[in-house]
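Here are some short exercises to try with a structure viewer open. Each one comes with a worked solution, so have a go before reading on.

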Amino acid sequence: MKMSGRVGASFLIAGSIRYLLMCSTFASYIRDRVEVSTPLNSWKRVLEGAYLHENGVDPYSGDMYHENPLILVTTNVLIKHLSAFIPHLFVAIDLLAAAFIFGTAKIVARQLMAKQKREQSTYAKGTEELQLLPEDQIKIPLYCTVAYLLNPYSILNCVGQTTTVWSNCLLAAFFFFMARRQIVPAVLLLVLETQRNFYPAVLIVPLAIDVYRQDGNGCRRCLAIRTVVLFVIGLVLATVSGYLITERWTFLDATYGFILNHRDLQPNIGLFWYFFTEMFDHFRDLFIWTFQINATVLYLAPLALKLRHEPLMLATVLTGLGTIFRSYPCIGDVALYMSLLPMWKFGQKFMSHKFIVGCFFLITSVLGPVVWHLWIYSASANANFYFGVTLAFATAQIFLVTDLLFAYIKRDFCLKNGLTFTKDGKEGKMTLE
């Protein structure tokens, strides 16, 4: 079967699975799962906010609604005119995200092959097994697409009708236009996603680096600065539009303030909820700042310096780290960055923790709902049990991202220096410190 046939079959199967589950009795159970829905992306909260707004009540005055005003207006229109088609819309948006991922992977595979042809003369002898093959231009887009379409995390996220489906589509589109080096659409999409989730704001750095690296006759530094300025202006305009919609500034505290202060301690797959349940109030501000800096800017500068020659890899790693350490993560966030990993499959030879990470994901995904039932319904466990599972899940993700980063760096080193090298007359060994 040709690639187009395989991709088409994947879309058909994935769309059918999503729609059938939405129509089943499992749909309501999936929507209530804490691994799927959080206070930030719950569709029930979106419906509540739309109802309050429609009846002249400020949805941001309480602690129920935390989406930005643009989504508030959009959902009002959907509920009024297209309420019967909302499940179909979620499926369509999720499939659109997969289409953007396919397009991104196709462009990246072509760019990587072109880069390899340019630099092949500088590669060391005996490194053929590390180099891309012509068929990888077909395999990489297919693997990325299937990794999203048939990932249980993305399927459950879509069936749960969370607004993370919209976020995934926006971020996938951002990666697509970044790969195509179309700056204005990429900045616009990043502004829209930052408006609802805050953490993707760091992706402006790899975008600016990518602009700086473009060949052209103009001032590359000026173009990069212009990209950042355009992002800031877009964010300001989007914020002002929120004020024009609601006629008050309360939405800022209910969106950005809610994310940064982590006021809702409902359990999720992240690390914030348990820690701040146990935290003494007089230490809270210190550790809120510590956790948020860790989730946003702590890794930005060193990674940007190390991966300055590969902005898309930088964007992938930052997306993964932002997912792990954000205040209200869900499995839909995990599904997106996992679908981008096959773009860098050429480094899998050096990924030493694949089996361990796979086992961790499998065990924690099964054990999480079991421990939740024992804690909440059977009262035969407690919060420590569930947090242990979420901690193991986060650890697996950290291993996955660091393993990917190390594999990429080691492959790049070995291409130039060979698979074996000596130091002080002895065979050297590369380690990550």
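The exercises below concern a predicted model.

**Exercise 1. Find how the rings of phenylalanine 276 and phenylalanine 291 are arranged, and which helices they belong to.**

Step 1. A pair of aromatic rings is described by the distance of the centres and the angle of the planes.

Step 2. For phenylalanine 276 and phenylalanine 291, the centres are 5.2 Å apart and the planes make an angle of 65°. Edge-to-face calls for an angle over 60 degrees, and the pair is indeed edge-to-face.

Step 3. Now place the two rings: phenylalanine 276 sits in helix α13 (residues 272–278) and phenylalanine 291 in helix α14 (residues 281–295), so the pair ties together parts that are 15 residues apart in sequence.

Step 4. Both of these phenylalanines are buried.

Step 5. For context, the model has 33 aromatic pairs. Elsewhere, one aromatic cluster is formed by Trp273, Tyr274, Trp372, Trp375, Tyr386 and Phe387. A charged side chain also meets a ring: arginine 220 lies over the face of tyrosine 212, 4.7 Å from the ring centre.

**Exercise 2. Work out how the span of helix α9 compares with the expected one, and what covers the buried residues of α9.**

Step 1. Helix α9 covers residues 183–197, which is 15 residues.

Step 2. The expected span is 1.5 Å times one less than the number of residues, giving 21 Å for α9. From first C-alpha to last, the helix reaches 21 Å, close to that expectation.

Step 3. Next, look at burial. Eleven of the 15 residues of α9 are buried, making the helix mostly covered. Among them are Ile183, Val187, Leu190 and Val191, along with Glu193, Gln195 and Arg196.

Step 4. The cover over these buried residues includes α4 (69–81), α8 (164–179), α10 (204–213), α11 (220–246) and α12 (250–261).

**Exercise 3. Locate the positive phi angles at arginine 181, phenylalanine 198 and glutamate 247.**

Step 1. Most residues other than glycine have a negative phi.

Step 2. Arginine 181 has a positive phi of about 60°. Its place is the loop between α8 and α9, and at 36% relative accessible area it is partly exposed.

Step 3. At the other end of α9 comes phenylalanine 198, which follows the helix and has a positive phi near 70°.

Step 4. Glutamate 247 also has a positive phi of about 60°. This residue lies in the loop between α11 and α12 and is exposed, at 64% relative accessible area.

**Exercise 4. Decide how many disulfides the model has, checking cysteine 23 and cysteine 169.**

Step 1. A disulfide needs two cysteine sulfur atoms within 2.5 Å. The count for this model is zero.

Step 2. For cysteine 23, the nearest cysteine sulfur belongs to cysteine 158 and is 11 Å away. Cysteine 169 likewise has the sulfur of cysteine 158 as its nearest, at 11 Å.

Step 3. Compare their surroundings: cysteine 23 is exposed, with 53% relative accessible area, whereas cysteine 169 is buried, at 10%.

**Exercise 5. Identify the residues with the most contacts inside the largest nonpolar core.**

Step 1. The largest nonpolar core has 129 residues, and Phe174 and Trp344 have the most contacts inside it.

Step 2. Leaving aside neighbours within four places in sequence, tryptophan 344 touches Val108, Leu112, Glu310, Leu312, Met313, Thr316 and Leu404.

Step 3. Another core, of five residues, lies apart from the largest one; among its members are Phe272, Met279, Ile288 and Phe291.

How values were computed. Residues are numbered from 1 along each chain as its sequence is written. This is a predicted model: local features need pLDDT of at least 70, side-chain atom pairs count only at pLDDT 80 or more; totals for chains, interfaces and linings use all residues. Side-chain values use heavy atoms; hydrogens and water are left out. Rings of Phe, Tyr and Trp (its six-membered ring) pair if their centres lie within 6.5 Å; planes under 30 degrees apart count as stacked, over 60 as edge-to-face and the rest as tilted. Helices (H or I, at least four residues) and strands (E, at least two) are DSSP runs, numbered from the N terminus. Buried means under 20% relative accessible area, exposed over 50%, partly exposed in between (1.4 Å probe, protein chains only). A charge sits over a ring if NZ of Lys or CZ of Arg is within 6 Å of the ring centre and within 35 degrees of the ring normal. Contact means heavy atoms within 4.5 Å. A nonpolar core is a set of buried Ala, Val, Leu, Ile, Met, Phe, Trp, Tyr and Cys residues joined through side-chain atoms within 4.5 Å.
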